[in-house]
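Visitor: Hi, could you walk me through a model I'd like to look at? I'll throw short questions at you.
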Amino acid sequence: MSPFALLFGGALLSPLIQGGYWLKGLTLLLLTIAGYNIWLGEGVGLAFFAQTDAIRFFEGILVLVAAALVLHLDDTESGRLTQLLFIVAGSMALLESTTLLSFVISFEALSIISFVLVSNINSEKQAEGAIKLFFAGATSTGIVLLGLALFTLSGQSVDTPLAATQDSFVLVSLFIVLIGIFYKLTIFPMHAWAADSYAQVNHVDAAILSAVMKTVVALATFQLFSPLLTSLNQNMIIGLAILAVVTMTLGNLLALYQKNIAKMLAYSSIAHAGYMLIPFAAIASHDAPTAILYLAIAYLFMQTAVFLILDRLHKDQGIASVEDLKGLARKNPLYALLFSVQLFSLAGIPLLAGFLAKAVAFYAGVDAGLWPLVLIALLNSALSVAYYAWLVKQMYFDEAYNPQPIINKAGFVWSELILLAGTLYFGVVAVDVFRVAS
Amino acid sequence: MGYLGMILAPIFLAVFVYALFGHRPALVRGIALATFVLQFVFSAHLFSQLPDTGFVLLGSFLAVDAFHFALTLQVDSLSVVMLLLSSLLLFLVTLSSWTIEKPAAYFSLLILFSGAIMGVFMTSNMLWFFMFWELTLLPMFFLVGIWGGERRIYAAIKFFLYTHAASVLMLLAFFLVYTQTGFFDFTLVKEAAIATPALVWWLLFIGFAIKLPVFPFHTWLPDAHVEAPAPVSVLLAGVLLKMGAYGLIRFGIEMMPETSREFALYMLAFGLLTAFFAGLLAIYQTHIKKMVAYSSISHMGLVLIAISTVSYEGLSAALFEMLGHAAIISPLFLIAGMIYQQTGSYQMRDMGGMMQQAPYLSAIFVLAGMAALGMPATMGFIGEVTIYLSSIKIYGAGIAVMAILSLISAGYLIWTFRRVIYGECSPLMASSAFKINPIEFSALLVFAVLIVLFGIYPQPIFDVANQSFFMLGGH
């Protein structure tokens with residue numbers, strides 16, 4: 001059975017089930033069946049949607065990460081389970097889109113679910129974050145639709161795959177679509193909303209928005225637009241490279257100044273959007289598809305993990321600012337270890353997925369002749385170690401203000417172990433990603 | 001698979017060792033000791049398997065053919081010597097930190113470090129080399145940051161950022177080599193195939209120079225050395241600095257000999273600057289550990305001068321000096337740490353008359369110090385003399401001016417003996433008992449024996465150098 005239909009149907013029916021505990025179990029079961037079907041090679045299964053090996057591999061990982069998210073959620077958060085199922089289904093549709101029309105429709109659907117997701121509001125601050133997300137999302141939608149309208153004016157068909165073209169009108173219209181998408185990817189100068197939204201909304205939502213949504217949109221955009229990217233001339237490639245450089249530098253520099261952990265992670269997420277743009281600029285390299293896939297996989301694991309840990313710490317001891325982390329290694333050594341490993345992965349320390357993903361992406365850049373871009377990206381990556389190591393410093397080198405220990409929570413630990421396994425596996429074994437991407 | 005296990009098992013099992021046996025520190029210490037002994041035996045076994053020249057292939061794992069990315073394990077005599085040195089130092093470091101605080105975490109980090117360092121010296125794939133190279137930073141960061149002195153956090157973060165930023169340049173160089181030649185394996189790269197040799201060489205040189213460390217990129221080292229506990233300083237000086245020299249020899253000299261010859265004078269200039277500058281700064285220090293740290297930098301400057309000759313004699317001398325440096329600087333650091341433990345001070349003005357309180361410790365300190373300034377019948381003498389001779393052969397008699405370096409080192413070391421070891425017993429010294437744990441003392445004895453043994457009978461090391469640098473015109 002099509003995993004898409006399964007997840008979508010399950011999401012529609014899930015409000016009928018009372019009791020968070022049961023719903024959690026059923027959601028996990030549903031994800032397992034969907035994952036098995038994806039493994040068998042089934043996708044959305046509709047016209048205008050098709051599944052490549054790379055996409056199938058990523059969808060499998062997405063389902064795994066969704067399972068980790070489900071395990072993390074408390075029994076009282078059953079509303080999120082429904083939204084999570086919708087998001088996985090919507091992500092599958094977006095990833096498998098082969099035409100501009102199906103892409104735009106899936107993109108809209110995913111946007112709307114994200115609006116619903118952040119409307120689980122408990123405080124004024126969360127409301128502010130949600131409204132920012134909504135306005136940015138609406139603007140993004142508007143721009144995408146403008147691009148789509150211009151594209152149809154050019155007389156091109158919206159229900160055939162994009163092809164390389166030299167028609168400047170088509171290029172401009174598609175570039176407008178890309179700019180709309182860049183809002184979701186938080187590329188400079190469309191990034192400003194994200195720093196606030198990711199930090200202000202609930203941390204689980206932030207994990208879904210900054211990790212799941214961002215990687216899905218990046219990968220799907222790369223899939224659909226790569227024929228177009230190959231027809232860009234050198235100046236436009238340099239333009240993309242400059243966007244990448246500005247985005248990562250800005251994200252990293254601003255992250256250095258943050259005193260709030262969520263905000264620091266939000267800026268780090270913006271910096272990572274800059275890294276994700278490197279494969280777009282390095283389209284001339286035949287390693288670019290591997291690079292974007294690897295970045296997406298690695299980022300999905302580590303970014304989800306750090307926001308979930310933050311959520312757990314926030315729920316247990318109200319930890320929000322960097323100072324609150326002091327002495328975590330003594331309060332709960334396991335949480336501190338899990339957090340540190342994922343932070344080091346984000347920083348690009350080897351034998352963790354973050355390093356290999358960046359290495360492949362940076363190599364693609366060198367291969368495409370953009371070594372100055374890669375040099376800046378490498379220095380950025382070195383700079384980013386400063387704030388990740390600063391968090392680790394608080395956890396391990398400092399004494400706690402409030403020495404009360406934190407007790408391990410089983411569901412959370414399991415979810416983190418799943419994500420840790422991903423970070424470690426893809427940090428050492430690169431062969432799978434290369435196999436599916438080629 | 002056994003070879004792979006030698007690298008990956010310590011890396012991934014270190015966390016489990018800590019988690020499972022954290023409450024039984026003696027057991028963790030035992031596991032650490034066993035690991036390092038095993039690694040030493042394994043390296044010795046590899047040594048016996050080596051062919052006369054060239055590499056022996058141990059296997060290739062985790063291969064990604066599309067990216068030429070595989071954990072290829074290949075060793076030659078140079079790498080095996082580094083393996084022997086690292087595992088021996090790790091073993092001695094374990095002995096000399098027998099009574100450290102929070103032992104479980106400390107020894108787990110040492111185990112993690114041992115796996116990474118094995119990887120650095122065993123792989124011939126540049127990307128994996130880089131990965132292990134970077135991974136060594138992680139345990140060092142925690143070792144300095146948790147067990148260090150007052151300014152440990154500043155030192156740990158500075159060390160981490162500085163060396164990490166340096167190594168990204170190296171990674172860019174590796175990528176350029178791969179995109180231009182199509183190989184990540186340095187044994188397959190042909191220098192002629194590198195399209196931008198100057199760019200690649202300089203990126204590599206800066207990357208390794210910061211690790212070495214070369215003036216003006218040395219500032220992380222005095223901080224890290226001063227704040228780190230003494231056994232960790234031994235690892236920093238004995239293993240981490242050697243990684244820089246090893247990388248320079250492997251990638252600078254062996255992979256790109258022609259380009260290295262082209263830029264030899266720059267290397268020489270950096271080497272002379274480092275040796276003189278650090279030597280002069282060492283005279284100026286009143287902090288005993290800082291004095292040893294600058295002396296260590298000065299000796300690494302000599303190593304760089306020897307490497308800059310790009311000749312068989314020069315590299316043999318460099319290898320000898322690298323090993324000599326490990327044997328000589330380590331006991332100096334360890335004794336400086338013991339003095340601090342006993343007296344609570346690193347300042348030389350508080351000291352004096354240690355000979356009366358701790359004659360054996362003082363004797364080893366004087367022996368190592370004399371070796372550092374190049375006394376005959378010690379490793380220091382052979383290292384320095386061969387470096388002078390090889391540079392005179394390449395650069396002409398004018399380079400003999402660097403004999404002044406011996407004078408400088410005599411200046412700071414003999415003055416240090418005067419201030420610390422001999423003279424009147426200072427009140428602080430007189431009030432210290434100097435009860436040294438016999439196990440920690442035994443590590444010092446091993447260093448002392450090594451200094452004298454290879455000072456009198458240096459031939460085994462030159463035999464190894466002959467195997468390693470045959471291609472540069474050995475005998």
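Guide: One term to begin with: the radius of gyration is taken over C-alpha atoms, and the globule rule is 2.2 Å times the number of residues to the power 0.38. This is a predicted model, where local features need pLDDT of at least 70, side-chain atom pairs count only at pLDDT 80 or more, and totals for chains, interfaces and linings use all residues. Residues are numbered from 1 along each chain as its sequence is written, with chains lettered from A and ligands numbered from 1 in the order in which they are written.

Visitor: OK, what's the radius of gyration of chain B?
Guide: Chain B has 21 Å, which agrees with the value near 23 Å for a compact globule of 475 residues.

Visitor: And how many helices and strands in chain B?
Guide: 21 helices and two strands, going by DSSP runs (H or I, at least four residues, for helices; E, at least two, for strands) numbered from the N terminus.

Visitor: New topic: is B:Ser296 buried or exposed?
Guide: Buried, because 29 other C-beta atoms lie within 10 Å; the cut-off is 20 or more, with C-beta atoms placed from the backbone. B:Ser296 sits in helix α13 (residues 288-308) of chain B.

Visitor: Which residues does B:Ser296 touch?
Guide: Leaving out residues up to four places away in sequence, B:Ala237, B:His325 and B:Ile329. Touching, or contact, means C-beta atoms, placed from the backbone, within 7 Å.

Visitor: How many residues of chain B are in contact with chain A?
Guide: 27, against 29 residues of chain A. α7(B) gives the most to that side of chain B, with twelve residues.

Definitions and conventions. Contact = placed C-beta atoms within 7 Å. Buried ≥ 20, exposed ≤ 12 C-beta atoms within 10 Å, placed from the backbone.
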